[in-house]
Amino acid sequence: MLLVLAFWLVYGGGKEQHDGEIAQVALAPEHVAARAAGQKRAAPNETNRILFGDLHVHTTLSVDAFMWSLPLMGGEGVHPPADACDFARFCSQLDFYALTDHAEALNPRTWKMSRDSVRQCNAVAAESAQPDVIAFTGYEWTQVGLTPEEHYGHKNVIFKYDTDEELPARPISAPGLAARAFSKISALWPLLTLPVRAFPEQQSYLDFARHIRENGQYPICPEGVNSKELPPTCRERAASPDVLFRKINEWGLDTIVIPHGSTWGFYTPLGYTWDKQLRADLDDANLQRLVEVFSGHGNSEEYRSFRSATFTEDGMECPEPTDDYEACCWRAGEVIRDRCEDPSSDLCQQRVDKARADYLRVALAGHVTLPGEDVPDWNECGQCTDCYLAAYQYRPAGSVQYMLAKGDFENPDEPRHATMGFIASSDNHSARPGTGYKEFARLQMTDARGAPSESWRKSMFGDRGQPELESTTYTIDTLMERPPFELMWMERQASFFITGGLVAVHVAERSREAIWDAMQSRNVYGTSGDRILLWFDLKNGPEGVLPMGSELEFSSTPKFEVRAAGSFEQKPGCPPDVIQSVGEERLEQICAGECYNPGDRRRRISRIEVIRIQRQRTEDEPIDDLIEDPWKTIPCPEGPELCVVEFEDPSYGELGRDLLYYARAIQEPTPTVNGGGLRCRGGECEPCYGNFRTAGDDDCLVDTEERAWSSPIFLLAGPEP
Amino acid sequence: MSRSWLLAGGMLVGAALAVFYIVRVPDTVEPTADAVAWVNDRPISRSSYANALQAVAGDRKSGTLREDDRERVLQRLIDQELLIDRAIELGLPERDPQIRNQLATAMIEFLVRRAEDEATAADEAALRAFYEENHFRFERSPQYRVALEGGEVPLPDGLLLAKELEQRLGPSAARKVAELEVGELAIIGEDGGRYTVRMLERRDGTLVPFNEARDAVEAAYLRDRSEAAVREFLEVARQHTDIRVEAQP
């Protein structure tokens, strides 16, 4: 009887909801004009400050972040959004950060929680002219399509101010796969059995189930209604970027939209390209001022000509390997070939062909078509093997270089191109902004996670069975009967999670306004995590020196200057003043006792690489010919802390076309968590697992050259004389 | 049925009892005041009935109840009680993962909410004590305006935080500069890399007054107390529960 009453009161009693309020902000008529004005305020950087931040941070309000934090994934438990503030102030010692939880996982209660936590972080510094950390509110529009045509990818939406009057009532989510996973418990049914298995340490799993269930209980907002007029407690959705941009603009708030992870094969369909997102209706240039080049999920900068699948009139085909690249569909065939008694037989070849077709049919979950497969069987398939810390399962036609080179020719007289500055981020999923300050604690400071034992692994990913001679043919329906985690090939991805990058802004003052203006004017750059100082200027602009991010008509020989200083070597532990004020116990709790703690030696910048990209003028112009990477490599002299190089482009006038230039400052090699990816050599791979298969205290350190990417300077040739 | 399952069942009953003691109707409340019906001496509250009616009305196109809706809703609530009775008899809370999830999740939520309620009602003295113990959360950084002569890496204009000095000069030099009084000069570096820094203005760090930081103090206090409440409950529960781990995972 007591149980009945308890059950009824708890389960049947209903939960109080705290609705958000619709902000009644009038659309300012000068809104767009102000944005445009902000774009021109960039100033040369000689006496500017450089502030470092992280504009891509998840907390456990994001369902996938929640999953990472579960003990079953080797996580540490729940990290509420408020932890991000402490981490940014005391551990990574950032100047600014933004919370960008997945909109699909947020609901009115958690959206309010996110807004509140940002305000609380800003509250202490509210009256200060020099806040030590400035927090921004945002969310991630997490779109995933099953086909290249319906896929747009992820975009972070960040707002300038933090008051409810200057924030939208709801985040805008994307319908589709991500939303389904984030709001329907049925899609994650196997998780429901985990609390039973984990008993009595099941709290985290139960929270996870509650979290997903809670997100599913809010109705979808009606369509065709102005975003400001919608009920506060519905879930607002935008299926494509044009709808997202329209809804954002209906609020009339200062907002920036930052596409990210556009090369990540983890969820990006085979054959995807950025092309359609160059269309005017799918690219709001006022909102999309920046693009994320690099994050804790890998690098999306570099373009390559390989493809994971080719498309013909008959459908997808598996491309043959090259010296640098092997598609995973091809590799699937080779794994089956290795299992043949007579690899040269016709029967074996039929099985190989079938394996490739089976792989392509289910694309991102292709690994499940091979019974008994294991991660090392796949070698480095799907990877960009000569790229810097490339994202997992690389999709080069989503790379930033491709985005900037490609044109849209819907109006052939005025080809359209993307004009975006560069940032880098952590994309951290445990409320830890700016994790790249040190290379340590792989399982805490990156998103690498995994099952703690073989039995957990099987319960999450299913039993992979024994190797068989033939691949398994799946339909979408039969595929969906597999454990959901198994379909995501998470075990292989763990080798590609890194500590992530930072965004740096050039600002005249330490303020929210100045940071925002720098982002609007693209006077920003990204780093792979180290605090490299970087300046990139056009020396002979029409009105003098112009900084990175500038876009201008130009007709003479452009002259540039790059200055770069390496990051400081890090000392172990935390600075004494931080330990004294925060306490060792709290520091141990939030950042494993390791803070940003510079020593006096600057690491050396070894060289400056300059990348030149010609903007595509006709639709048939091959992209491969337009991206020159590197166009120039200029070594830095030994000795000075500051590397200063100058160069010019005498061919600019002859080319007579729109061009952009950006600089990459390359630092001396240093050990990097997961710097070796799958660590393949001579056909043998040693993946760095996020689960029990790799020791938790093994950070899988491999030397890499940390770097900084300037935003480009965009030169417009102007009309032909 | 393994021993761990039996143990799990026992734990669940314990957790359910704990939930009851937390959310039970206080003894001082008149037991019949809010009941619309009774099932085995257990009340169906008028507020539950009203909520159910509202939900049914909302489901109707007209937005209003039909003539027989009131009776039907009441009978369905009674049915629900009967079903729950039977579910308990059959041991579904021990067996059904979803029910177990709901129960334990609600437990956590109640712990957090109760702790937050207590913290919200905390008097000024408790908040001030928390503020005093956690000064580091409510401090503003010192600022310095300096002039640099020589040196490779340029210094920004204006008042700078210690971390901004550090970014350009390095930590040792920044510490040295931060100790200068206004007008004093420091010589940094050696030989060819030598440069000077003069302190032009300094503003020492300050603790934000309690009244200014009150919102932040209250938020941090709420968070601290709710986390502690869950942690303390689990610690106590573990102390009073026979937990035996029989196999290494």
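**Strands, edges and confidence in a predicted model**

Visitor: Which residue in β7(B) stands opposite Ile187(B)?
Guide: Thr196(B) stands opposite Ile187(B). This is read from a predicted model.

Visitor: What makes β6(B) and β7(B) a pair?
Guide: A pair needs at least two bridges between the strands. β6(B) and β7(B), the latter covering residues 195-203, have four bridges in the antiparallel sense, so they count as paired.

Visitor: Why are β5 and β6 of chain B called edge strands?
Guide: The open sheet has four strands in the order β5-β4-β7-β6 (chain B), paired antiparallel. β5 (160-161) and β6 (185-188) each pair on one side only, and that is what the name edge strand refers to here.

Visitor: What is the angle between helix α8 of chain B and β6(B), and how should it be read?
Guide: Helix α8 (residues 171-178) runs at about 165° to β6(B). Angles are taken between N-to-C directions on a scale from 0 to 180 degrees, so about 165° puts the two directions towards the 180 end. The helix lies across β4 (143-149) and β7 of chain B as well as β6.

Visitor: Which strands form the open sheet in chain A, and which are its edges?
Guide: Its order is β16-β15-β18-β23 (chain A), with antiparallel pairing. The edge strands are β16 (544-547) and β23 (642-648), each pairing on one side only. From one strand to the next the twist averages 25°.

Visitor: How do you know that β15 and β16 of chain A are paired?
Guide: The test is at least two bridges. Strand β15 (residues 533-541) and β16(A) have three, in the antiparallel sense, so the test is met. Within this pair, Leu538(A) stands opposite Leu546(A).

Visitor: How are the residues on the side of domain 1 of chain A that touches domain 2 divided?
Guide: They divide into 20 nonpolar, seven polar and one charged. The contact takes 28 residues from domain 1 and 24 residues from domain 2. Two residues are in contact when their C-beta atoms lie within 7 Å. The domain assignment gives domain 2 as 310-381 + 450-495.

Visitor: How confident is the predictor in chain B?
Guide: The average pLDDT is 78, and 80% of the residues score at least 70. Over residues 1-8 the pLDDT is below 50, and this stretch has five contacts beyond near neighbours in sequence. Residues 10-31 are also below 50, with 30 such contacts. The scale runs from 0 to 100, so both stretches fall in its lower half. The model as a whole scores ipTM 0.80 and pTM 0.81.

How values were computed
Residues numbered from 1 in each chain as written. Chains lettered and ligands numbered in written order. Predicted model: local features only at pLDDT ≥ 70, side-chain atom pairs only at ≥ 80, totals over all residues. Domains from an automatic or database assignment. Nonpolar A, V, L, I, M, F, W, Y, C, P; charged D, E, K, R; others polar.
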